[in-house]
Amino acid sequence: VADVACGSGSWISDLAHSSPKFCRNCEYGGFDIAREAFPKVEEWSRLKFVQHDCSQRFSDEWLERFYVVHIRLLVYAITEADLKSLLKNVVEILKPGGYLQWAEADMKDWRAVPRESSVNFED
């Protein structure tokens, strides 16, 4: 399983730590453009964190390597121009027949409103 734009790596770390019960040979990769958020001691044989700009092609070692690629909350971090290359690059790291799981928030219904003095935030 690969987690693209993994940030702190919490999603992929949680998955890797909970999966030994049903997947002893699974391999996990967290990819992000900034390594500063990666866990400091979270590297173990089945979980690797790699600094990578996913708008750029992955190196050959990652091609067709993962059954599942997970992406979430990336819509505000990429440009429309980068979307096509990012999608192409992500599909290349999937094994044939693999799955891409991409989740985004539905932001059209979100709005910022000023705090009213009559609103009680303590309840």
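**Reading contacts, charge and cysteines**

Trainee: Which residues does aspartate 3 touch, leaving aside those up to four places away in sequence?

Mentor: Taking contact as heavy atoms within 4.5 Å, aspartate 3 touches Trp11, Ile12, Gly29, Gly30, Phe31 and His70. This is a predicted model, in which local features need pLDDT of at least 70 and side-chain atom pairs count only at pLDDT 80 or more, whereas totals for chains, interfaces and linings use all residues. Residues are numbered from 1 along each chain as its sequence is written, and side-chain values use heavy atoms, with hydrogens and water left out.

Trainee: Where is confidence highest, and where is it lowest?

Mentor: The predictor's confidence in each residue, pLDDT, runs from 0 to 100, and the protein chain averages 84, with 80% of its residues scoring at least 70. Confidence is highest in E1, at 97, and lowest in helix H1 (residues 10–18), at a mean of 88; helices (H or I, at least four residues) and strands (E, at least two) are DSSP runs, numbered from the N terminus. Aspartate 3 belongs to strand E1, residues 2–4.

Trainee: Which side chain of opposite charge is nearest to aspartate 3?

Mentor: A salt bridge needs a side-chain nitrogen of Lys or Arg within 4 Å of a carboxyl oxygen of Asp or Glu. Aspartate 3 has none although it is buried, and arginine 72, the nearest side chain of opposite charge, is 5.7 Å away. Lys and Arg count as positive, Asp and Glu as negative, while His and the chain ends are not counted.

Trainee: How many disulfides are there?

Mentor: A disulfide requires two cysteine sulfur atoms within 2.5 Å, and the count here is zero. Cysteine 6 is in no disulfide, the nearest cysteine sulfur, that of cysteine 54, being 8.6 Å away.

Trainee: Is cysteine 6 buried or exposed?

Mentor: Buried means under 20% relative accessible area, exposed over 50%, and partly exposed in between (1.4 Å probe, protein chains only); cysteine 6 is buried at 9%, and cysteine 54 is also buried, at 7%.
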